[in-house]
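Morning, everyone. Let's look at how the two chains in this one meet. Here it is on the screen.

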Amino acid sequence: MPRKLRSIPGAAAALALAVITVTLPIVPVPAAAQESVEKAIEQYRQDLQGGNPAELWEARGEEIWNTPRGPKHASFKSCDLGLGPGIVKGAYAQLPRYFPDAGRVLDLESRLVWCMVNQQGFTHAEATKVTFGKGSRKRSDLEALTAYVVAQSDGTKMNVSLADPHVRGMYEIGEKMFFYRAGTHDFACATCHGSDGKRIRLQDLPNLTKKADAQRAYTSWPAYRVSQGEVRTFQWRLHDCLRQQRFPDLIYGSDASIALTTYLAARANGAAYAGPGMKR
Amino acid sequence: MIPRISGTRLAGIAVLLAGAAAILYGCAGTPAEDKSASVEAQTIAMMKESFKAHGQAGLDRLDQDDTQRLCSKYSTTPPPAAVAKKIEGENLAKVRYPADGKLMGDWKKGEKIAQLGRGMQFSDDPAKPAGANCYACHPLAPKELSYGTMGPSLYQFGKKRGYTEENRRYVWAKVYDAEAFSACTNMPRFGERHILTDEQIRDVVALLMDPESPVNR
């Protein structure tokens, strides 16, 4: 179903509620809490009447998308996400893909950075100054833009084509990386996401080697994180997973981050994209 | 700078590394194995360019030892018996018991170590001791309800198995290097990988093996 941005006052009310409710328990969750956390999130959804504070990020992202910016005074209307310059509808459901102008396979976030650098004239350092925001004083344009773009694929079936050999190659590398055990704790992605019905503390873990779980997980990111009061993107998700894996710091938009995204996105093929989602 | 590897350079690295892998593995791969080794080489090369050192987590964290390399191939299926035997044998040889022979510490400290999830992440202060976060994966003392289910329940471990010296030695070794007993287990090797000190391992052994520990009450 195509998604329409709610009115700004509506979204503002949603955020006010978000701020009030932000005290939802975070790990470690107190006694007998698994069910109550889920209930609290469900209650929170009901309170928002199907709304999601992510809509505020979407609205800001739309404004940024349409505003000429950077030394070259260009807007994102000339940014081609794969379906033609400025076209956002359905674009996210087909990413990552190979972009001949960049000579690389790019995910949404690295493509946004590419457009900022190559069309708007920012340096790479400027474009990636704030990748993950922290409150109103350190807001991330990339999170806002990402929220806006992904929302335009809500209801669209995931369709990452592996026909292109570049994309196929990245998928294969991403798959290897998923099972790659290393670091002080011998963890791979698959350590926590390779078996059914497991949890860490009280947090349920999707088995990303199974189609249904992989689809459910991928199509619910990016998401508004209630505990953080921020929209978090897929680059954030990978970065923070790998931090907990005791790996070094995954560089935003790096090839390995895109390879892993390609693997996980393609495994979600066939499922309707349903983001931005909402998570604890 | 955008971390990128040009196609040509990547292919070059891949060929080099695949060649090295072929030599290591004795050149006798099937086409599928050759393909897999080539993708593996590309993956490692790409990862080296895609991470940056941060805090205590240097790029050497990406280097695999024998166990990690072998177990990366058997994440969803158990390794073949011969491979499992090799991994377990190599790791058993690495288990080091304390010089003074003292295997049991303070279960109260052990409980804190079992609760603590901090340690070894680039966001952690390396000056502070790491935890083992046992509860992330195991039920232990019954009053802690926030436990994970990746591993088996350890509730009443000592009580059920028996408070013997042999079992204390087993628990020490299992915490020290779990790969010595169960090849490609998900459990970290807390001693072998220097996550916990000997003193901390003693406290964890006490948590499981002291009759007074809440795990055994």
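Start with two helices, and bear in mind that this is a predicted model. Helix α11 of chain A covers residues 255-267. Its axis and that of α2(B) come within 7 Å. They cross at roughly 125°. Parallel, perpendicular or oblique? Angles over 145 degrees count as roughly antiparallel, and 65 to 115 as roughly perpendicular. The angle here falls in neither range, so α11(A) and α2(B) are oblique to each other.

Which residues meet there? From α11(A), we have A:D255, A:A256, A:S257 and A:A259. From α2(B), we have B:M46, B:M47, B:E49 and B:S50. By type, that contact divides into four nonpolar, two polar and two charged residues.

Now the strands. β7 of chain A is residues 249-250, and this strand pairs with β1(B). The sense is antiparallel, over two bridges. Look for A:D249 here: B:K52 in β1(B) stands opposite.

Now step back to the whole interface. How many residues take part? On chain B, 46 residues are in contact with 43 residues of chain A. Which elements of chain B give two or more residues to that side? They are α2 (31-50), β1 (51-52) and α3 (66-71). α2(B) gives the most, with eight residues. That is the helix we began with, the one whose axis crosses that of α11(A).

Last point, the make-up of the chain B side. It divides into 23 nonpolar, 16 polar and seven charged residues.

That's it from me. Over to you.

Terms used. Residues are numbered from 1 along each chain as its sequence is written. Chains are lettered from A and ligands numbered from 1 in the order in which they are written. This is a predicted model: local features need pLDDT of at least 70, side-chain atom pairs count only at pLDDT 80 or more; totals for chains, interfaces and linings use all residues. Two residues are in contact if their C-beta atoms, placed from the backbone, lie within 7 Å. Helices (H or I, at least four residues) and strands (E, at least two) are DSSP runs, numbered from the N terminus. Ala, Val, Leu, Ile, Met, Phe, Trp, Tyr, Cys and Pro count as nonpolar, Asp, Glu, Lys and Arg as charged, and the others, Gly among them, as polar. Two strands pair if DSSP finds at least two bridges between them. Axes are lines fitted to C-alpha atoms, for helices over the stretch in contact, and angles run from 0 to 180 degrees between N-to-C directions. Angles under 35 degrees count as roughly parallel, over 145 as roughly antiparallel, 65 to 115 as roughly perpendicular and the rest as oblique.
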